[in-house]
Amino acid sequence: MACFTVPLATAAVASAVKTTLPKSAEGNPFVSRLGWLGKMMFGGSFLLAVEHVYHGEIIFTPPFLTAAQEGPEAVGEMLHEMATRGVAMTVLLVAVWAAMVAFSVRSERKTRAAHV
């Protein structure tokens, strides 16, 4: 129902952190690649939101989420979904991003070593 909101919030936080960090932090490979994380999270959240619109779980009039119209039981189910599936998706995306950063750093080091 609203599992996409957890990675969406994470993407917003990552983007805000990237813009507020000092330039000196750019030397850290994870900080310099926070943009990758934001793009992955925003893209995934957008696709999930489209899927939820298609299935009628999101509507274009307030309160936007159909669970909010259905009552407290549906809201409880929605919050449970956010806490389980949304958090799981976010953790998985962060792990994939961290692996991508590690692979990128390793690849850059090998390339530099080959040119020396």
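Which helices do the buried residues of H1 pack against? In this predicted model, the buried residues of H1 pack against H3 and H5, and the report below follows these helices and then turns to the segments around them.

**Helix H1**

The 16 residues of H1 should span 22 Å at 1.5 Å a residue, and the distance between its end C-alpha atoms, 22 Å, agrees with that expectation. Within H1, the residues Val6, Pro7, Ala11 and Ala14 are buried. Viewed down the helix axis, these buried residues of H1 fall within an arc of 135 degrees, so they line one face of the helix. Val13, Thr19 and Thr20 are exposed on the other side of H1. A general point about helices helps in reading such patterns: an α-helix has 3.6 residues a turn, so residues three or four places apart point the same way.

**Helix H3**

Helix H3 has 21 residues, and from its first C-alpha to its last it reaches 30 Å, close to the 30 Å expected at 1.5 Å a residue. Its buried residues are Leu34, Leu37, Gly38, Met41, Ser45, Ala49 and His52. Seen along the axis of H3, the buried residues fall within an arc of 95 degrees, so they too line one face of their helix. Lys39, Phe46, Leu47 and Tyr54 are exposed on the other side of H3. The cover over the buried residues of H3 includes helix H1 (5-20), H2 and helix H5 (72-115). After H3 comes Gly56, which has a positive phi near 80 degrees.

**How H3 meets H1 and H5**

The table sets out the two crossings in which H3 takes part.

| Helix pair | Axes come within | Crossing angle | Handedness |
|---|---|---|---|
| H1 and H3 | 8 Å | roughly 155 degrees | left-handed |
| H3 and H5 | 10 Å | roughly 145 degrees | right-handed |

The axes of H1 and H3 cross at roughly 155 degrees, which makes H1 roughly antiparallel to H3. Where these two helices meet, the residues of H1 include Pro7, Ala11 and Ala14, and those of H3 include Leu34, Leu37, Gly38, Met41 and Ser45. Pro7, Ala11 and Ala14 are also among the buried residues of H1, while Leu34, Leu37, Gly38, Met41 and Ser45 are among the buried residues of H3.

The axes of H3 and H5 cross at roughly 145 degrees. The contact is made by Leu34, Trp36, Leu37, Met40, Met41 and Leu48 of H3, together with residues of H5 that include Met89, Leu93, Trp97, Val101 and Ser104. Leu34, Leu37 and Met41 of H3 therefore take part in the contact with H5, and these residues of H3 also meet H1.

**Arg33, between H2 and H3**

Arg33 sits in the loop between helix H2 (29-32) and helix H3 (34-54). Is Arg33 buried or exposed? With a relative accessibility of 10%, Arg33 counts as buried, because the cut-off for buried is under 20%. Apart from its neighbours within four places in sequence, Arg33 is in contact with Trp97, Val101, Ser104, Val105 and Glu108. Among these partners, Trp97, Val101 and Ser104 belong to H5 and also take part in its contact with H3.

**Ala2 and its surroundings**

Ala2 lies in the segment before H1, and at 0% relative accessibility it counts as buried. Leaving out residues up to four places away in sequence, Ala2 touches His52, Leu65, Met78, Glu81 and Met82. One of these partners, His52, is 50 residues from Ala2 in sequence, yet their C-alpha atoms are 8.2 Å apart in space. His52 is itself one of the buried residues of H3. The C-alpha atoms of Ala2 and Glu77, which are 75 residues apart along the chain, are separated by 9.9 Å. Glu77 is part of helix H5 and, at 46% relative accessibility, counts as partly exposed.

**The loop between H3 and H4**

Pro63 is found in the loop between H3 and helix H4 (66-70), and the peptide bond from Pro62 to Pro63 is cis, with omega near 10 degrees. Phe64 lies in this loop between H3 and H4 as well. Although Phe64 is not a glycine, its phi is positive, at about 75 degrees. At 42% relative accessibility, Phe64 counts as partly exposed.

How values were computed. Residues numbered from 1 in each chain as written. Predicted model: local features only at pLDDT ≥ 70, side-chain atom pairs only at ≥ 80, totals over all residues. Heavy atoms only, no water. Helix = DSSP H or I, 4+ residues; strand = E, 2+ residues; numbered from the N terminus. Buried < 20%, exposed > 50% of the residue type's maximum accessible area, 1.4 Å probe, protein only. Contact = heavy atoms within 4.5 Å. Expected span 1.5 Å × (residues − 1). Arc of directions from axis to C-beta. Axes fitted to C-alpha atoms, helices over the stretch in contact; angles between N-to-C directions. Parallel < 35°, antiparallel > 145°, perpendicular 65-115°, else oblique. Left-handed = near helix turned anticlockwise from the far one by under 90°.
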